[in-house]
Amino acid sequence: NHLSRDNLMHKRLLIVFVLGFSSGLPLALISSTLQAWFADSGMSIFATGMLSLISLPYLYRIIWAPILDRYTLLRIGKRRSWILVMQICLLIGFNLMAWLTPTQTPLFIAFLAAAMATCSATQDLAIDAHRTEFLSTEELGLGASLATLGYRLALLVAGGVALIIAQYAGWSVAYRVMGFLMVAGMIAVYFSPEPSKPIVKKLSFYESFLEPFRELISRPRIVPLLFFIFFYKMGEAFTTTTSGIMMPFLIQDIGFSLETIAYVNKIIGIGSIVLGGLLAGFLLMRWSLYRALLVFGLLQAVTNALFILLAKVGNHLPTFIFAVISDNFTAGMASTALVVLFMRLVDLRFTAAQFSIFVAFSTLPRVLSGPLGALFQSWFGWVGLYQIAFVLALVFIPFLMLFREQMATSQ
């Protein structure tokens, strides 16, 4: 019996890992890889730069998230059917893009990519809900870290391997190969049991949009909880590779080359995030969620201080590498713990909708990092900016302490 339970757990975790890969694969193909295709084809900087707008569905997917909680597309079940349909659409879409070229049909490629972004964002919603309902409480930490590992691996494949294929075999072959990698996710869906349970009371279409918000608002201390999520992600907003202020700091102020930044931030940075997430998954099997969030959050703040040092010493590669490794490692740990919190917080009647709400609040600091960082830098300089970042990274503590009794006993 014990061996059978272990086998079932390993199967569940493998499914979560592969679905994480399926979730991450489309993102690079409609963002950095697509931009590289346009640039390599000689398209204008304006046309290439406008492609960043294609990723907007990832921000406003909260609008249609309740639909995934209400409707089932196929007989295989609610979560599995949404994931599978989106995967099929992505496979077809990327293969259609492979027949086109930016020089001849740039607008049609952009339109297709926008459609793929909508499908990808919807797939993410369904996979987040699937993982939340699929794993047991004891598996949430390790499951979140393995999902992140699969997601980051997909970003490396679609953002790195795809470019190598394009260089030697052409862009059409690269997009066909990447599109057919969606089959891995389809296989995971086939072997996964349907996690969602039928809801006794069927909500109306209007109620399916209103009830997830109403249920959240009715919770005690919901406002401090949302503030906690916001400020917890502030701990990495000004320092990670996705920050809107990091590139000006590293290029214009410090003077690192693009090659150095790409190697350190992409390869070393992503590797550090993955390792941090895996360690967090194992620690969350032994620690309370409160302890993990507190320790990981404090470590995030400490690594912010390394960028104060980098701003002072300037172009010093060892300091840069140490700061990136430390920052991304702790960001991987903190992000994993936060995802576990989201999975524990959602009402299983509204998994997709409420998960998307929490993700939206956690995304805000990254969105605001560019304008806020530019404002602080203009007032206080780069050293002052990262001193402020260090302070902001600690603001989560009083909000977390409000939930100490509730989370300290959660294992």
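What follows walks through the nonpolar core, one helix that feeds into it, a surface patch and the salt bridges of this structure. The model is a predicted one, so everything below was worked out from predicted atoms.

A good place to start is the inside. The largest nonpolar core holds 124 residues, and those touching the most other members are Leu34, Met97, Phe249, Leu293, Phe296 and Tyr386. Take Leu34 as an example. Leaving aside residues up to four places away in sequence, Leu34 touches Ala28, Leu29, Leu51, Ile54, Met97, Ile109, Ala113 and Tyr175. Met97, then, turns up both as a contact of Leu34 and on the list of core residues touching the most other members. As a rule, nonpolar side chains in soluble globular proteins tend to be buried together.

Leu34 also belongs to helix 2, which covers residues 32–40 and has Thr33, Leu34, Trp37 and Phe38 buried. Looking down the axis of helix 2, these buried residues fit within an arc of 140 degrees, so they line one face of the helix. The spacing along a helix helps here: with 3.6 residues a turn, residues three or four places apart in an α-helix point the same way. Just past the end of helix 2 comes Gly42, with a positive phi of about 85 degrees.

Not every nonpolar residue is tucked away. On the surface, a nonpolar patch is made of Phe46, Met50, Leu53, Leu56, Leu59, Tyr60, Ile63, Leu364, Val367 and Leu368, and together they have about 910 Å² of accessible area. Helix 3 (45–50), helix 4 (57–60) and helix 17 each give two or more residues to this patch, and the largest share, 3 residues, is from helix 17. Leu59, one of the patch members, sits in helix 4. With a relative accessibility of 42%, Leu59 is classed as partly exposed.

Helix 17 runs over residues 351–392 and also contains Leu375. Leu375 is partly exposed too, at a relative accessible area of 36%. From Leu375 to Val177 is 198 residues along the chain, and their C-alpha atoms are 43 Å apart.

Charged side chains make up the last part of the picture, with 9 salt bridges found across the whole structure. One of them pairs Glu133 with Arg79, with 3.0 Å between the closest N and O atoms. Because Glu133 is in helix 7 (residues 106–134) and Arg79 is in helix 6 (residues 78–97), this pair ties together parts 54 residues apart in sequence. Both partners are buried: Glu133 has a relative accessible area of 15%, and Arg79 has one of 2%.

Another salt bridge stays within a single helix. Arg214 and Glu211 are paired, their closest N and O atoms 2.7 Å apart. The two are 3 residues apart in helix 11 (residues 205–217), so about one helical turn separates them. Their surroundings differ, though: Arg214 is partly exposed at 46% relative accessibility, while Glu211 is buried at a relative accessible area of 17%. Glu215 and Arg219 form a further salt bridge, 3.0 Å from N to O, and both of these residues are buried. Finally, salt bridges with shared partners link Asp69, Arg79 and Glu133 into one network.

Conventions:
Residues are numbered from 1 along each chain as its sequence is written. This is a predicted model: local features need pLDDT of at least 70, side-chain atom pairs count only at pLDDT 80 or more; totals for chains, interfaces and linings use all residues. Side-chain values use heavy atoms; hydrogens and water are left out. Buried means under 20% relative accessible area, exposed over 50%, partly exposed in between (1.4 Å probe, protein chains only). Helices (H or I, at least four residues) and strands (E, at least two) are DSSP runs, numbered from the N terminus. The arc is that of the directions from the helix axis to the C-beta atoms. Patches are made of residues with over 30% relative accessible area and no salt bridge: like charges are joined within 9 Å, nonpolar side chains (Val, Leu, Ile, Met, Phe, Trp, Tyr) within 5 Å. Accessible areas come from the Shrake-Rupley method with a 1.4 Å probe; for residues, only the protein chains shown count as cover. A salt bridge is a side-chain nitrogen of Lys or Arg within 4 Å of a carboxyl oxygen of Asp or Glu. A nonpolar core is a set of buried Ala, Val, Leu, Ile, Met, Phe, Trp, Tyr and Cys residues joined through side-chain atoms within 4.5 Å. Contact means heavy atoms within 4.5 Å.
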